[in-house]
Structure formats: structure tokens, C-alpha cells
Amino acid sequence: MGAVTVILAGCTQAQLIGFLPEDSVGATNHTDRITGLWVTSWIVLLAVGIVTWVLIIWAAVVYRRRKGQTGFPVQLRYNMPIEIFYTIVPLILVIGFFAFTVRDQTEIEQPIADPDVQIEVYGQRWSWAFNYAHEDVYEVGIQAQEGESGQVDTDQLPVLYLPVDETVEIKIESRDVIHSFWIVDFLYKKDMIPARSNYMYFTPLKEGEYDGKCAELCGEYHSRMLFTVKVVSREEYDEQMALLREKGQTGQLDSTYDLNQNLPGTGATGEGEN
Ligand SMILES: [Cu+2]
């Protein structure tokens with residue numbers, strides 16, 4: 001522990017969070033847990049790496065062929081202590097990684113019974129639609145446009161608003177092919193699968209602007225499938241909802257707009273249609 005403390009004391013912030021994005025620190029109620037799993041895993045893996053590298057170099061140096069030696073060196077096999085060591089240690093590591101992953105995954109995937117904010121996100125080639133269920137308003141975007149310098153014009157990206165310190169449920173859907181809903185600094189993404197609903201639950205804890213993108217290659221303009229998340233105060237959130245209402249964007253953009261209308265269970269026959 002002493003050695004670890006000394007080593008970590010000399011670390012930069014970037015190293016302490018395992019080179020994950022710095023804005024992710026405290027971004028949601030889950031990010032610290034995810035960073036913890038990531039960093040601890042790397043510390044364990046590096047420790048295993050150091051032991052392995054030292055043993056390789058030690059064996060190569062100490063047991064190298066000396067001048068004048070001929071024939072094979074002494075052949076060793078069935079070394080029980082070593083065989084037990086390299087069976088047990090990986091087993092402990094695998095069980096450990098599995099256990100901590102399950103622990104954190106269970107915590108992160110825990111549904112929120114009565115979320116303050118309920119949002120339905122549709123992925124569609126190549127942008128996003130956001131339905132705000134409680135407010136009964138929606139926003140729909142277009143794929144990223146180029147600004148004058150050829151860079152992405154961030155002002156034209158669709159924006160998802162979230163109120164800070166309130167519990168959020170996001171229902172994740174697709175209108176066409178598999179996309180993936182990823183808010184980079186929230187350190188979490190989830191596939192958007194046609195005819196299937198996935199969910200994400202979290203509480204944003206830090207006001208700010210975060211980048212979102214599609215993380216599943218979905219076609220020609222996949223790389224333009226970007227959005228912005230703005231975590232704002234409740235007042236500003238309500239203002240934005242009122243603004244959408246003023247623009248006439250009331251109601252929900254539901255599955256009526258899905259590309260695939262002939263999925264099993266929808267009652268479609270496929271006859272007389274194409
Ligand atoms: Cu996509």
C-alpha cells in the first residue's frame with residue numbers, strides 16, 4: 001500500500017483516471033465506479049505484466065548458454081509448485097475480473113423505479129430523434145454538417161437536454177439498422193436494435209456540454225451521426241421544453257416512422273406491399 005501511495009502521488013489527473021476523458025470525472029453517478037474498475041484492472045494487469053517480464057528476462061539471463069557449453073541443458077518437467085502457481089493465479093484473476101464486472105454492471109443496470117426524466121431516443125440513419133415523455137415534446141436532428149473550415153458545425157447538431165441531479169431513464173430504439181447510443185464522457189454506450197428496447201439509467205451530476213455519437217458502424221454517414229448533450233439546471237431544462245412546445249414539436253415521434261414496418265409481431269402480411 002505504501003509503495004502504491006508513493007507511486008500514485010506522482011500521477012497526473014489523466015493517469016489517475018487511466019487516460020479516460022477528464023470531463024468524465026463525476027459526470028454521472030456511474031462514472032467514478034466505471035473509472036475505478038478500469039484503473040484497478042490496469043493496475044492488476046500491469047502487476048502481472050511486470051512479474052512476467054521480470055521472469056522472462058531473469059530466465060534468459062541466468063540460464064543463457066555460457067562459453068564452452070555443449071548439448072542440451074538439464075531438462076525439467078512436472079514441476080508441481082510452478083504448475084499449480086500458473087494454474088491458480090490466472091483462475092483467481094479471471095474470477096476476480098468477472099466478479100467485479102458483475103458487481104458494477106448490476107449497479108449500473110439497476111432500473112430506476114420512478115425516474116424524474118424519461119427520454120426515448122431513436123437512432124436513424126444518420127441522426128437522432130429525442131422524445132421527452134413527461135413533457136410530450138420531441139426534437140429531431142440531421143447528420144453533422146460542415147462549417148466554413150470543413151470542420152463539424154457543432155451548432156447544427158441535435159441537442160439532448162438533461163436536468164442536473166435528476167434521475168434519467170433513456171429508452172433506446174432504432175428505426176432502421178443497429179446503431180449505438182454513446183455519450184462519451186458518461187463512459188457508457190448501448191446498442192440500438194430495431195424492434196427491441198434497451199434502457200440506460202443514470203443521474204447527471206455536472207452541468208456542461210458533452211459529445212455524443214453513434215458507436216456502431218451503420219452505413220455511409222455513420223461518422224456524421226453526432227449529437228450534443230447539455231446538462232442544465234431544471235429552470236433551463238423547462239425553458240428548452242417550452243421552446244420545443246412553441247416550435248410546435250409536441251407529441252412523440254413513435255415507431256410509426258420506423259423504416260421496417262414488417263417486423264414479426266406487427267401484424268404485417270407483406271402482401272401487396274413492397
Ligand atoms: Cu449509427
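## Pocket, cavity and copper site

The residues that line the largest pocket divide into eleven nonpolar, two polar and no charged. The model described here is predicted, and the volume it gives for this pocket is about 360 Å³. Of the 13 residues in the pocket lining, Leu8, Gln15, Val39, Ile43 and Leu46 are the closest to the centre of the pocket. At least two lining residues come from each of helix 1 (2–9), helix 2 (13–16) and helix 3 (31–62), and helix 3 gives the most, with five residues.

Besides this open pocket, the structure holds one cavity of 30 Å³ or more. The volume of the largest cavity is about 60 Å³, and its lining is made up of Thr28, His30, Ile34, Ile108, Phe186, Tyr188, Met200, Tyr201 and Phe202. Strand 8 (residues 198–202) gives the most to this lining, with three residues. By class, seven residues of the cavity lining are nonpolar, two are polar and none is charged.

The two linings are set out below by volume and by residue class.

| Site | Volume | Residue classes in the lining |
|---|---|---|
| Largest pocket | about 360 Å³ | eleven nonpolar, two polar, no charged |
| Largest cavity | about 60 Å³ | seven nonpolar, two polar, no charged |

Which protein atoms serve as donors of the copper ion? They are ND1 of His179, SG of Cys214, SG of Cys218 and SD of Met225, and these atoms lie 2.1 to 2.5 Å from the copper ion. Along the chain, the donors follow the spacing H-x34-C-x3-C-x6-M. Within this set, the pair of His179 and Cys218 links distant parts of the chain, since His179 belongs to strand 6 (residues 179–183) while Cys218, 39 residues apart from it, sits in the loop between strand 9 (208–214) and strand 10 (226–232).

Why is the arrangement around the copper ion tetrahedral? The four donor atoms subtend angles of 91 to 124° around the ion, and four donors count as tetrahedral if all angles lie between 85 and 135 degrees; the arrangement is therefore tetrahedral.

Are His179 and Cys218 buried or exposed? The cut-off for a buried residue is a relative accessible area under 20%. His179 has a relative accessible area of 0% and is therefore buried, and Cys218, with a relative accessible area of 7%, is likewise buried.

Methods
Residues are numbered from 1 along each chain as its sequence is written. This is a predicted model: local features need pLDDT of at least 70, side-chain atom pairs count only at pLDDT 80 or more; totals for chains, interfaces and linings use all residues. Side-chain values use heavy atoms; hydrogens and water are left out. On a 1 Å grid over the protein atoms alone, a cavity is a set of points where a 1.4 Å probe fits but cannot get out, and a pocket is an open set with protein on both sides within 12 Å along at least five of seven lines; lining residues have an atom within 4 Å of a point. Grid points are joined across faces, edges and corners, and a volume is the space filled by probe spheres set on the points. Helices (H or I, at least four residues) and strands (E, at least two) are DSSP runs, numbered from the N terminus. Ala, Val, Leu, Ile, Met, Phe, Trp, Tyr, Cys and Pro count as nonpolar, Asp, Glu, Lys and Arg as charged, and the others, Gly among them, as polar. Donors are N, O and S atoms within 2.8 Å of the metal (3.2 Å for Na, K and Ca); water is not among the atoms, so sites may look incomplete. Four donors count as tetrahedral if all angles lie between 85 and 135 degrees; four count as square planar and six as octahedral if opposite donors are over 155 degrees apart and all others between 65 and 115; anything else is irregular. Buried means under 20% relative accessible area, exposed over 50%, partly exposed in between (1.4 Å probe, protein chains only).
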